Amino acid sequence: RNELEEATTLARDALGYQPKNVDAYCVLAEAAVKQKDHLRARLLAAQGLKLDADASCLHYTLGVVALREKETAAAIASFERAIAKDPDLLEARFHVAEISMGFKDFKKAIDNYAAVTKQNPKATAAFVNLGVAYKGSGQFEEAEKAYRQAMEAAGTDGAPAAHYNLGVLYLRNMNDHARAKAELKVALQLSDSDNDSVFAMLEEI
């Protein structure tokens, strides 16, 4: 519910009864992150990790703090440690994938986006990003498949980003102007944002 003060009070009460309750440290650290109190979050995580050095929630918290403070190497190390303990921690995998994309480490990005989509078949954004990662690695057919999966995951809500990226793929990488034009037109119909780049590509076609 995002009731941070109440969550903090309850977690502190829990520690009063059970000082080694690692989950309570996780709640306290997460609340501190939401309150942008990074120093307190780090201290709470350090205390909790003394009880359980592999606590995935605390390593995730440290990763979020490091990412906000632009300590990219520390962030990815913390996220990967969290994933090692809990492979289904999708938030950590998403962050690792995003960071990897920034460094053009497409293999790591693909591995993590694929894991996210496997656990959550409705993760439209993850499918789109997976397609971008496949495209970056030169796997154009896999990229096309990922964009189609994003559309399927979105259902009636539509996936303008998937249609746009598929249009770019057809235009720039697969030399299929007819299908590029069709996908870009669908992206225009679905999108409410600035579409200057779409119009530019349609004019180019």
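## A first residue: T8

T8 is found in helix α1, which covers residues 4-17. This is a predicted model. Is T8 buried or exposed? T8 is buried, with a relative accessible area of 7%; the cut-off for buried is under 20%.

T8 has partners elsewhere in the chain. Leaving aside residues up to four places away in sequence, T8 touches L28 and A31.

## The overall build

The protein has 12 helices. Strands number zero. From the N terminus on, the order of elements is α-α-α-α-α-α-α-α-α-α-α-α.

Along its principal axes, the C-alpha trace spans about 65 × 30 × 30 Å. The protein has 205 residues, and 43% of them count as buried. Contacts also reach along the chain. Among contacts between residues at least 6 apart in sequence, 44% join residues at least 24 apart.

## The disulfide

How many disulfides does the count come to? The count comes to one disulfide. C26 is joined to C57, with an S to S distance of 1.7 Å. The cut-off for such a pair is within 2.5 Å. This pair links distant parts of the chain. C26 sits in helix α2 and C57 in helix α4, 31 residues apart.

The two cysteines fall into separate accessibility classes. C26 is buried, at a relative accessible area of 8%. C57 counts as partly exposed, at 28% relative accessibility.

## The largest pocket

The largest pocket has a volume of about 180 Å³. Its lining consists of C26, E30, V33, K34, C57, L58, Y60, T61, V64 and R68. C26 and C57, the disulfide pair, are among these lining residues.

Which helices each supply at least two residues of the lining? They are α2 (22-34) and α4 (56-68). Helix α4 gives the most, with six residues. By character, the lining divides into six nonpolar residues, one polar and three charged.

## Two aromatic pairs

A pair of aromatic rings is described by the distance of the centres and the angle of the planes. A search of the whole structure finds two aromatic pairs. One of them is Y60 with F79. Their ring centres are 5.6 Å apart and their planes stand at 45°, so the pair is tilted. Y60 lies in helix α4 and F79 in helix α5 (residues 72-85), so the pair ties together parts that are 19 residues apart in sequence. F79 counts as buried, at 0% relative accessibility. Y60 also belongs to the lining of the largest pocket.

F94 and Y113 form an aromatic pair too. What is the arrangement of F94 and Y113? This pair is edge-to-face, with 5.4 Å centre to centre and 80° between the planes. F94 lies in helix α6 (residues 90-102) and Y113 in helix α7 (residues 106-119), so this pair ties together parts that are 19 residues apart in sequence. F94 counts as partly exposed, at 23% relative accessibility. Y113 counts as buried, at 2%.

## Helix α4 in review

Several features meet at helix α4. This helix holds C57 of the disulfide. It also holds Y60 of the tilted aromatic pair. Helix α4 gives the most residues to the lining of the largest pocket.

How values were computed:
Residues numbered from 1 in each chain as written. Predicted model: local features only at pLDDT ≥ 70, side-chain atom pairs only at ≥ 80, totals over all residues. Heavy atoms only, no water. 1 Å grid on protein atoms, 1.4 Å probe; cavity = no way out; pocket = protein on both sides within 12 Å on 5 of 7 lines; lining within 4 Å. Points joined across faces, edges and corners; volume = space filled by probe spheres on them. Helix = DSSP H or I, 4+ residues; strand = E, 2+ residues; numbered from the N terminus. Nonpolar A, V, L, I, M, F, W, Y, C, P; charged D, E, K, R; others polar. Buried < 20%, exposed > 50% of the residue type's maximum accessible area, 1.4 Å probe, protein only. Phe/Tyr/Trp six-rings, centres within 6.5 Å; stacked < 30°, edge-to-face > 60°. Contact = heavy atoms within 4.5 Å.
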